Amino acid sequence: MNYVVKSPVSLKASIKLPASKSICNRALILNALSYSPYEIRNLSDCDDTEVMVKALNSNDRDFDIKAAGTAMRFLTAFLSKVVGEWTITGTQRMKNRPIKILVDALNALGARVEYMEKEGYPPLRIFGSALQGGEISLAGGVSSQYISALLMIAPLMEKGLTLHLEGAVISKPYINLTLQLMEQYGVKAEWNGQTIKVRPQDYHPIPFTVESDWSAASYWYSMMALSKNAEIELLGLFKNSLQGDAAGAKLFAQLGVGTTYTDRGVILKHNGNRTKKLNYNFVNEPDLAQTFVVTCVLLNIPFRFTGLQSLKIKETDRIEALKTELRKLGYLLTDSNDSILEWNGERCEPETHPVIATYEDHRMAMAFAPAALILPEGIEIADPEVVSKSYPHYWEDLRSTGFQIEE
Ligand SMILES: O=C(O)C1=C[C@@H](OP(=O)(O)O)[C@@H](O)[C@H](O)C1
Ligand SMILES: C=C(OP(=O)(O)O)C(=O)O
């Protein structure tokens, strides 16, 4: 199925964004580890959180977490300390997303995790037992989710855990998010330079409410940047958010979108500033990269984005996907070093009837939809249901604000 998305005459929106799946999936693990009697409030109904809820509440021994990176990594660590024999698998893409760094770390800490198919990749067979813990080194430049996964189970290891992170550490705000949430559940860690230390401790259950998702907010910021006449309010976002992607607000200020914080969320307004070129290192906010790439070309703002090394192992190779799909709209992007994407205004003939492929990647669909505000014919998006990974109500929210969406 494809959707053709067409612009509303004017865009007036007050949107209740989905809850952050990163926070939901951590809170679910921490609730389980603290034997919490409390139900998490404002839990997302997105796929990535649903697979986690299902796994944690089932009596099965075999889990399919579909396309959820956090669920794959967090549950692998979690299950390795729950006595029993478990298997965990996911989509075809998940079977090609590396997990060796985490598996090696767990095995070095006393776990027994084996590959069921290809060495280094899911599916996995996990023989859960009490974990000894101790001191290990692991690469910090592939995915922070391995580190978050280990940290959450660390206080329950017999000797605790000392993690030496090797090389540059990517997606650091997600590690901070993990540590902050652990602290809310009563566990302290120390992070000095390249070393994170967690002593043996118990978690304490707390009532917990999940914030709205700053990554999801970015698509509405993009719509604001691309429309002449719009009023957009986004509910449930906080200035002092635990989420690294809250940094998107500052960055969008350079693309003409100002943010006013209220006691119920944010109000977006045009601020009259637009940079001539945007240079930015996305190493801390990889999930915002697609939003900014698409928004910049449509605003005709050249850019040089670095720190994109993790994009190749996400839901799809996002660097390739962006280049291929923007070429259909007449924009020629250049990549280098597997981590840099640039555009200096290079154009080519656009396709007459472009259809944006989404590669089972929610962010491809969500980042391209705002193009409807600029392209006279609207924008056609293939397999639009992919948004359910993090934002199941995305198309309903667009419709509610006047976008026309036809199959
Ligand atoms: O820990 C998390 O919740 C996440 C960490 C990031 O992954 P990497 O650490 O693999 O970059 C991010 O891209 C993902 O959407 C969610
Ligand atoms: C990369 C993402 O998710 P994950 O790695 O958790 O599958 C994402 O949501 O953009």
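**View 1. D287 and ligand 2 make a polar contact.** An N or O atom in the D287 side chain sits 3.3 Å from an oxygen atom of ligand 2. A polar contact here is a pair of N or O atoms within 3.5 Å; within protein, one must be able to donate a hydrogen and the other to accept it, and residues adjacent in sequence count only if both atoms are side-chain atoms. The model is predicted, so local features need pLDDT of at least 70 and side-chain atom pairs pLDDT 80 or more, while totals for chains, interfaces and linings use all residues. Residues are numbered from 1 along each chain as its sequence is written, chains are lettered from A and ligands numbered from 1 in the order written, and side-chain values use heavy atoms, without hydrogens or water.

**View 2. K21 and H362 also reach oxygen atoms of ligand 2.** For K21, a polar side-chain atom is 2.8 Å from a ligand 2 oxygen. For H362, the distance from a side-chain N or O atom to an oxygen atom of ligand 2 is 3.1 Å. On its own, ligand 2 has 300 Å² of accessible area, and the protein covers 98% of it. Accessible areas come from the Shrake-Rupley method with a 1.4 Å probe; for residues, only the protein chains shown count as cover.

**View 3. Ligand 2 takes up the space of the largest cavity.** A cavity is a set of points, on a 1 Å grid over the protein atoms alone, where a 1.4 Å probe fits but cannot get out. A molecule sits in one if more than half of its atoms lie within 2 Å of its grid points. Two or more shell residues come from each of α3 (69-79) and α11 (362-368). Helices (H or I, at least four residues) and strands (E, at least two) are DSSP runs, numbered from the N terminus.

**View 4. The shell around ligand 2 has 14 residues.** A residue belongs here if one of its heavy atoms lies within 4 Å of the molecule. K21, G69, R97, R363 and K389 come nearest. Eight shell residues are charged, four polar and two nonpolar. Domain 1 (2-18 + 212-406) and domain 2 (21-198) each give at least three residues. The bounds come from an automatic or database domain assignment.

**View 5. R26, S143 and Q145 make polar contacts with ligand 1.** An R26 side-chain N or O atom is 2.6 Å from a ligand 1 oxygen. S143 places a polar side-chain atom 2.6 Å from an oxygen atom of ligand 1. For Q145, the distance is 3.2 Å. Alone, ligand 1 exposes 380 Å², of which the protein buries 95%.

**View 6. Thirteen residues surround ligand 1.** S22, R26, S143, S144 and D287 come nearest. At least two shell residues come from each of α1 (21-33) and α5 (144-153). The largest share, three residues, belongs to α1. Both domain 1 (2-18 + 212-406) and domain 2 (21-198) contribute at least three.

**View 7. P122 and P123 are joined by a cis peptide bond.** Omega is about 0 degrees. P123 lies in the loop between β5 (112-115) and β6 (124-128).

**View 8. N300 has a positive phi.** The value is near 65 degrees, in a residue other than glycine. N300 lies in the loop between α9 (289-299) and β15 (303-306). Most residues other than glycine have a negative phi, and most peptide bonds are trans.

Terms used
1 Å grid on protein atoms, 1.4 Å probe; cavity = no way out; pocket = protein on both sides within 12 Å on 5 of 7 lines; lining within 4 Å. Nonpolar A, V, L, I, M, F, W, Y, C, P; charged D, E, K, R; others polar.
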